[in-house]
Amino acid sequence: SMLVRSSASAKQAVIRRSFSSGSVPERKVAILGAAGGIGQPLALLMKLNPLVSSLSLYDIANTPGVAADVGHINTRSEVVGYMGDDNLAKALEGADLVIIPAGVPRKPGMTRDDLFNINAGIVKNLCTAIAKYCPHALINMISNPVNSTVPIAAEIFKKAGMYDEKKLFGVTTLDVVRAKTFYAGKANVPVAEVNVPVIGGHAGVTILPLFSQATPQANLSGDVLTALTKRTQDGGTEVVEAKAGKGSATLSMAYAGALFADACLKGLNGVPDVVECSYVQSTITELPFFASKVRLGKNGVEEVLDLGPLSDFEKEGLEALKPELKSSIEKGVKFANQ
Ligand code: NAI
C-alpha cells in the first residue's frame with residue numbers, strides 16, 4: 001500500500017461521506033494494469049466517476065506515481081496504488097468491480113491473437129488471484145485477445161469453484177463507440193443520439209455491427225454499409241497503424257472502458273434498464289461465449305438479449321464469424337486446462 005491516512009482524516013471522510021453521498025453505496029473498483037496506456041486514462045476517468053468510493057490501482061510497475069497524481073483530484077474516491085505481486089491481494093480485497101487492461105498491445109502487422117502467448121498467462125495469474133481475494137466482484141476483461149481471455153477467466157474461475165457467469169464480461173464497448181462514430185458520419189445524424197448494437201466477438205470479422213438496427217434510421221446504400229462494417233472491424237488496426245509501433249487504442253479504449261464500468265456500477269446499484277453490448281457466456285447462438293446486448297443489474301448479467309432481426313448481409317456476417325470465434329474460445333479453454 002502506498003498511501004497512509006491519519007485516523008482523524010479517515011473519520012472525517014466517513015462522516016462527510018455519510019452526509020454528502022446520501023444513498024450512493026460504497027464501491028471499490030480495482031484496475032489491473034493501471035499504469036499502462038489504457039490504465040492511466042482509465043484511472044483518470046474512474047476517478048471522475050461519483051459512483052466510485054475507492055479506486056485501487058494495480059500494476060507490476062509505476063503505480064505509486066499514477067496513484068499520487070490521480071489521487072490529487074478532488075472527487076469522491078480514495079485512491080491507492082499497489083505495485084507488484086506481493087500487493088495484489090490488498091489491491092483486490094473488497095473490490096466490487098475489477099477492470100483488467102493488463103498485458104501487451106498490438107504493433108503494426110499483428111493480430112489480436114498474436115498477443116495470446118503473453119497475455120493468456122497474465123490473465124490466468126490475475127484471475128487466480130481474483131478467485132481468491134474478491135470472488136464476488138464483476139470482471140471487465142479488456143486484455144486481448146478478448147475472444148480467448150474471457151474463456152480463460154471462466155475456466156480459471158471454474159477450477160477455483162467460484163465461477164459465476166453473470167459476473168464475467170469481455171469489454172467490446174469500443175466496437176460500439178466506433179460503430180456509433182462512423183455511422184453518425186455517414187448517416188449525417190447527431191452522434192450523441194446514435195445507437196448501434198455490435199455482436200459476435202472482439203477481433204476482425206468476429207466484430208459484427210448491426211447497422212440495420214441503428215438509430216436514428218438512415219437509408220444508407222449496401223456499399224456504404226459494407227464499408228462501415230469493415231471500418232468498424234478494422235478500427236483497432238486503423239489506430240495501431242496510425243500510432244506506428246507506439247501501441248494501440250488507449251484513449252478511446254479508456255473512454256469505452258469507463259463507460260462500460262459505469263454501466264456495471266449502475267446495474268449493481270439497482271438502476272433499471274441498463275443495457276450495453278458485452279462478450280459474455282451465452283446461449284443465444286451455439287457458441288458458449290458471444291457478444292450481444294446485455295441487461296445489467298445487481299448480480300451482473302440480468303438478461304442476455306436476443307439479436308433481433310438481422311439483414312441478409314448481417315446473417316452472412318454472423319455465419320462467417322462463427323468458425324473463428326469458436327476456435328478462439330477453444331484455444332482459451334485449452335490453455336487454461338493445460
Ligand atoms: P500497455 O503496454 O500500455 O499497458 C499494459 C500494462 O499492463 C503495463 O503497465 C504493464 O506493466 C501492465 N502489466 C503487464 N503484466 C501485468 C501483470 N501481470 N499484472 C498487472 N499489470 C501488468 O498496453 P495498453 O495499450 O494499455 O493495452 C493493454 C491491453 O488492452 C492489451 O492487451 C490490448 O490489446 C488491450 N486492448 C483491448 C481493447 C478492447 O477493446 N478490449 C482495445 C485496446 C487495447
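User: How many bridges join strand 4 to strand 5, and do they run parallel or antiparallel?
Analyst: In this predicted model, strand 4 (residues 97-100) and strand 5 run parallel and are joined by four bridges. As an example of the register, I100 has M141 of strand 5 as its bridge partner.

User: Which helix goes with strand 4 and strand 5 in a β-α-β unit?
Analyst: That is helix 5, residues 116-133. Strand 4, helix 5 and strand 5 together form a β-α-β unit of the right-handed kind.

User: What else pairs with strand 4?
Analyst: Strand 1, residues 28-32, pairs with strand 4 in the parallel sense, over three bridges. Within that pairing, I31 has I99 of strand 4 as its bridge partner.

User: And are the faces of strand 4 covered or open?
Analyst: Both faces are covered. L97 and I99 lie on one side, V98 and I100 on the other, and all of them are buried. In a regular strand, side chains alternate between the two faces of the sheet.

User: Back to strand 5: which residues sit on each of its sides?
Analyst: Strand 5 covers residues 138-141, with L138 and N140 on one side and I139 and M141 on the other. All four are buried, so both faces of this strand are covered as well.

User: How many bridges does strand 5 make with strand 6?
Analyst: There are three, and the pairing is parallel. Strand 6 comprises residues 168-170, and its residue F169 stands opposite N140. Helix 6 (residues 146-160) completes a right-handed β-α-β unit with strand 5 and strand 6.

User: N140 keeps coming up. Where does F260 lie, and how far is its C-alpha atom from that of N140?
Analyst: F260 lies in helix 10, residues 251-268. Its C-alpha atom is separated from that of N140 by 8.2 Å, although the two residues are 120 apart along the chain.

User: Which residues is F260 in contact with, beyond its sequence neighbours?
Analyst: With neighbours within four places in sequence set aside, F260 is in contact with N140, V171, T173 and E276.

User: Why is F260 classed as buried?
Analyst: It is buried because 25 other C-beta atoms lie within 10 Å, and the class begins at 20.

User: Changing topic: where are the cis peptide bonds at P145 and P216?
Analyst: One is the bond from N144 to P145, with omega near -5 degrees; P145 is placed in the loop between strand 5 and helix 6. Another is the bond from T215 to P216, with omega near -10 degrees. P216 belongs to the loop between strand 8 (207-209) and helix 8 (222-233).

User: What is phi at N62, and where does N62 lie?
Analyst: Phi of N62 is near 75 degrees, a positive value in a residue that is not glycine. N62 lies in the loop between strand 2 (54-59) and helix 3 (63-71). It is partly exposed, because 16 other C-beta atoms lie within 10 Å.

User: And N188, is that residue buried or exposed?
Analyst: N188 is exposed, because 9 other C-beta atoms lie within 10 Å. It is not a glycine either, yet it has a positive phi of about 60 degrees. N188 lies in the loop between helix 7 (173-187) and strand 7 (198-200).

User: How many residues surround the ligand, and which are the closest?
Analyst: The ligand is surrounded by 33 residues, of which G33, G36, G37, I38 and N144 are the closest. N144 is also the residue that precedes P145 in the cis peptide bond.

User: What is the makeup of that shell, and which helix gives the most to it?
Analyst: The shell holds 18 nonpolar, 13 polar and two charged residues. Helix 5 gives the most, with four residues.

User: Finally, what are the confidence scores?
Analyst: The chain averages a pLDDT of 94, and 93% of the residues score at least 70. The ipTM is 0.99 and the pTM is 0.94.

User: Where does pLDDT stay under 50?
Analyst: Over residues 1-21, for which the model has 12 contacts beyond four places in sequence. Where pLDDT is low, the predicted coordinates should not be read in detail.

Key: Residues are numbered from 1 along each chain as its sequence is written. This is a predicted model: local features need pLDDT of at least 70, side-chain atom pairs count only at pLDDT 80 or more; totals for chains, interfaces and linings use all residues. A residue is buried if 20 or more other C-beta atoms lie within 10 Å of its own, exposed if 12 or fewer, and partly exposed in between; C-beta atoms are placed from the backbone. Helices (H or I, at least four residues) and strands (E, at least two) are DSSP runs, numbered from the N terminus. Two strands pair if DSSP finds at least two bridges between them. A crossover is right-handed if, with the strands pointing away from the viewer, the path from the first strand over the helix to the second runs clockwise. A residue is near a molecule or strand if its C-beta atom, placed from the backbone, lies within 6 Å of it. Ala, Val, Leu, Ile, Met, Phe, Trp, Tyr, Cys and Pro count as nonpolar, Asp, Glu, Lys and Arg as charged, and the others, Gly among them, as polar. pLDDT is the predictor's confidence in each residue, from 0 to 100. Two residues are in contact if their C-beta atoms, placed from the backbone, lie within 7 Å.
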